[in-house]
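The exercises below ask you to work from the sequence and the coordinates, and each is followed by a solution that goes step by step. Please try each task before reading on.

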Amino acid sequence: MRYPILLLFLLLLATFASAQQDYPITPVSFSEVRIQDDFWQPKIRTNHEVTIPIAIAKSQESGRIDNFRMAAGRMEGQFCTEYPFDDSDIYKIIEAASYSLQTFPDAEMEARVDSLIELVAAAQEPDGYLYTTRTIGKNVHPWAGTERWELVHELSHELYNLGHLYEAAVAHYRATGKRSLLDVAIKSADLVDATFGPGKTENYPGHQEVELGLVKLYRVTGETRYLNLAKYFLDVRGRPGIGNPKEYDQSHLPVTEQSAAVGHAVRGAYMWTAMADVAAITGDSAYRRAIDRIWHDIVDGKYYLNGGIGATGAGEAFGSAYELPNMTAYAETCAGVGVVRWNHRLFLMTGQSKYIDVLERSLYNNVLDGVSRSGDRFFYPNPLASMGQHERREWFGCACCPPNVARTLPSMPEYLYAYRDEDIYVNMYVSSETELDLAGTTLRLRQQSGFPWEGAVRLYVDPASPVEARLRLRVPGYVRNAPTPGDLYRYADPELPAFTVTVNDAIVPVTTDADGYLTLDRTWREGDRVEVDFPLPVHAVRADPRVAADSGRVAFERGPLVYAAEGADNHGEVLNLVVDETTPVRAERSGELGGIYVLRGRARTVDRQLDGSLSTSEPRPLTLVPYHLWNNRGPGEMAVWLATTEATAQPSPAPTLTYTSTLTSSLGEEKPLLALRDQLLPAHSNDHSVPYFHWWPRKDSREWIQVDLPALANVSKVSVYWFDDGPDGGCRIPADWQV
Ligand code: FUB
Ligand code: ZN
């Protein structure tokens, strides 16, 4: 009799222990931080007023909401959108709105969210299964398979959708206290738990996401089955005989044996985030070691200066180390969101500011680039160079990115502050206000900052009664000559300008510690004031010489912002610029683009002549704008990495007959035809590094390109350079062709 009691006691203890353990550092929740600045606050407002309503309207127009209506039996018809993961957009929108309503109470949006939740609940099958394409039962998506979960390890996205459902449910519950979506999530998770695991169906999701959703559900419900299930879905990957192991979805090896960032970038980022979560709760050091190796693999060779990951559109995947092409960079917005979330977790695990450096770079540059200033146009890939072929779009058939931005903006206040015992971390400099409970007293923290434009930061520390605490101010990498952790990028002009920290106007001698913080350890009293003026010089950045795409090139940044040259400020041309390195590049306030700092320098242009020779101009003014703001004045040339030599510049094309002609094609789109006029010769037919024109996925069809000459001309010779990406790609040199 004593054993069962002892066992019960031990079990209770184990549950209690695991429920207690989590990240050693706790973020101050987004709902406890009030942003009061001129940079983020307007963006969060535009997100609320424009982006979220558009996301709802587009979901209605595209049939995503109707899919739920049909699954709920409230409408006749068949599954009517393109992808089986379209359900997930609705969940992401609910999550975004839940965060946003905290800052902007809005009865209309709240009612809309309630009605979406009611519809989602109605679309759920009695046993908890939720996947509209199968429940509707007509026009079931081929990726769904014939049976539930049959293709879960491939492209069905049944579990991916549910991960987003769980995240939405937790956000909605935390924001409103309402259980409506949480109950749907719990019913679903119970079914998934009854279905998968040892002795049940043994398989893993083809697109990771459910794992981190389950951890969130575990945190809010305390139900350890959800945590165990999250861990199961991670551990079952790469097990012999299970699923279809492949690098594409990181199932090629057990997760603890993985060391390199390979395959689909979003899948990877979501998986490493979940591994961090599970490791924080269970203390699993093998997970920690694996994500640490992968993190290094990224920051040492697979991380774009704009904070993006995933170099190639082929498989939306990582390339090999140092393969970071600029014009064809994929750097999907969702992958940037993944980098932000994963690195936040790594900070919470370690207290090291290098993770916030990565988070901040990806957030300010890659994620913000994902949406226009107006909040109604979106980038899916975020290239670092353009001939004018790129433009933000109103929406996408595969609409994963816009709602991912929509949920990231209103939740970003969560990245500002964190605490652990008497340590208070200030990680991002954004004018804001929050309160913390510390050693039995309430401490009010108010921050005034000019970031990202100016480095002066003032913190008002107001405890209700005197309290001992360590205020830890992050010293960003760009103030420490470390643009990114590791050696992938370096400042060409390393400079460590001095700065001082004062408390109540008295200079405090303080140095940056090994974790990248300035620590002020004292008894804080009402009215205490800390001031730091971080120097934000313009920095020229060079990439590791092994990054061929950036060789002979330089990029500029200031503070957290990466800059880009855009045609709109530079006579329409920037790819042909050679930076005049003898002229310093300076920051200057400008009224452009809503009020920014532009960078001004000088550059020469390189132009190709009709005889093939190159001519170089005298230096002329060069203007750069923050990268995330490019393409808000129409499409055009853009470059983050500018040539420093004539040999690495891309000369403006000579006025040849092709260049001055009007080109049209059977493709119907104009922009891809720019590749025919750029006068860049590929190294070989499978050279993806220069722009190419293609008709893929058309096959066995007759296609044409028409060249309307500007005037009557004698054409003595025509050459065609065919693109062929065989054997893996789908483009081949045509069976026959004629001019
Ligand atoms: O598969 C769902 C989402 O669609 C992925 O995360 C994106 O990369 C896009 O492929
Ligand atoms: Zn996406």
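**Exercise 1. Describe the overall fold in terms of secondary structure, compactness and surface.**

Step 1. In this predicted model, the protein contains 16 helices and 26 strands. Its radius of gyration is 27 Å, close to the 27 Å that the globule rule gives for 739 residues, so the protein is as compact as a globular protein of that length.

Step 2. Taken along the principal axes, the box filled by the C-alpha atoms is roughly 100 × 70 × 50 Å.

Step 3. Of the 739 residues, 56% are buried, and when contacts between residues at least 6 apart in sequence are considered, 69% of them join residues at least 24 apart.

Step 4. The accessible surface comes to about 29600 Å², and carbon and sulfur atoms account for 51% of this surface. As for charge, the mean position of the 70 positive charges and that of the 97 negative charges are 1 Å apart.

**Exercise 2. Place T133 in the fold and work out what surrounds its side chain.**

Step 1. Begin with the secondary structure: T133 belongs to helix α6, which covers residues 132–136.

Step 2. Next, ask whether T133 is buried or exposed. With a relative accessible area of 0%, T133 falls under the 20% cut-off, and T133 is therefore buried.

Step 3. Then look for a polar partner, where the side chain of T133 is found to reach the backbone nitrogen of H141 at 2.9 Å.

Step 4. Finally, list the neighbours, leaving out residues up to four places away in sequence: T133 touches F79, P84, N139, V140, H141 and A144. H141 thus appears both as the polar partner and among the residues touched.

**Exercise 3. Examine two cis peptide bonds that precede proline, and locate each proline.**

Step 1. The bond joining F451 and P452 is cis, with omega about 0°. P452 sits in the loop that runs between β7 (441–449) and β8 (456–463).

Step 2. The bond from W696 to P697 is likewise cis, and its omega is near 10°. P697 is found in the loop between β25 (662–665) and β26 (705–708).

**Exercise 4. Contrast the settings of W149 and D505, two non-glycine residues with positive phi.**

Step 1. Phi of W149 is near 65°, while phi of D505 is near 75°, and in each case the value is positive in a residue other than glycine.

Step 2. W149 lies in the loop between α6 and α7 (158–176), whereas D505 lies in the loop between β11 (501–503) and β12 (506–507).

Step 3. Which of the terms buried and exposed applies to W149, and which to D505? W149 has 8% relative accessibility and so counts as buried; D505 has a relative accessible area of 54% and is therefore exposed.

**Exercise 5. Characterise H252 and its surroundings.**

Step 1. H252 is located in the loop between α10 (224–235) and α11 (265–282).

Step 2. The relative accessible area of H252 is 25%, so H252 is classed as partly exposed.

Step 3. To follow the course of the chain, compare H252 with G263: the two are eleven residues apart in sequence, and their C-alpha atoms are 9.8 Å apart in space.

Step 4. Apart from residues up to four places away in sequence, H252 touches G238, P245, K246, E247, Q258 and V262.

Key: Residues are numbered from 1 along each chain as its sequence is written. Chains are lettered from A and ligands numbered from 1 in the order in which they are written. This is a predicted model: local features need pLDDT of at least 70, side-chain atom pairs count only at pLDDT 80 or more; totals for chains, interfaces and linings use all residues. Side-chain values use heavy atoms; hydrogens and water are left out. Helices (H or I, at least four residues) and strands (E, at least two) are DSSP runs, numbered from the N terminus. Buried means under 20% relative accessible area, exposed over 50%, partly exposed in between (1.4 Å probe, protein chains only). A polar contact is a pair of N or O atoms within 3.5 Å; within protein, one must be able to donate a hydrogen and the other to accept it, and residues adjacent in sequence count only if both atoms are side-chain atoms. Contact means heavy atoms within 4.5 Å. The radius of gyration is taken over C-alpha atoms; the globule rule is 2.2 Å times the number of residues to the power 0.38. Accessible areas come from the Shrake-Rupley method with a 1.4 Å probe; for residues, only the protein chains shown count as cover. Lys and Arg count as positive and Asp and Glu as negative; His and the chain ends are not counted. The place of a charge is taken as NZ of Lys, CZ of Arg, CG of Asp or CD of Glu.
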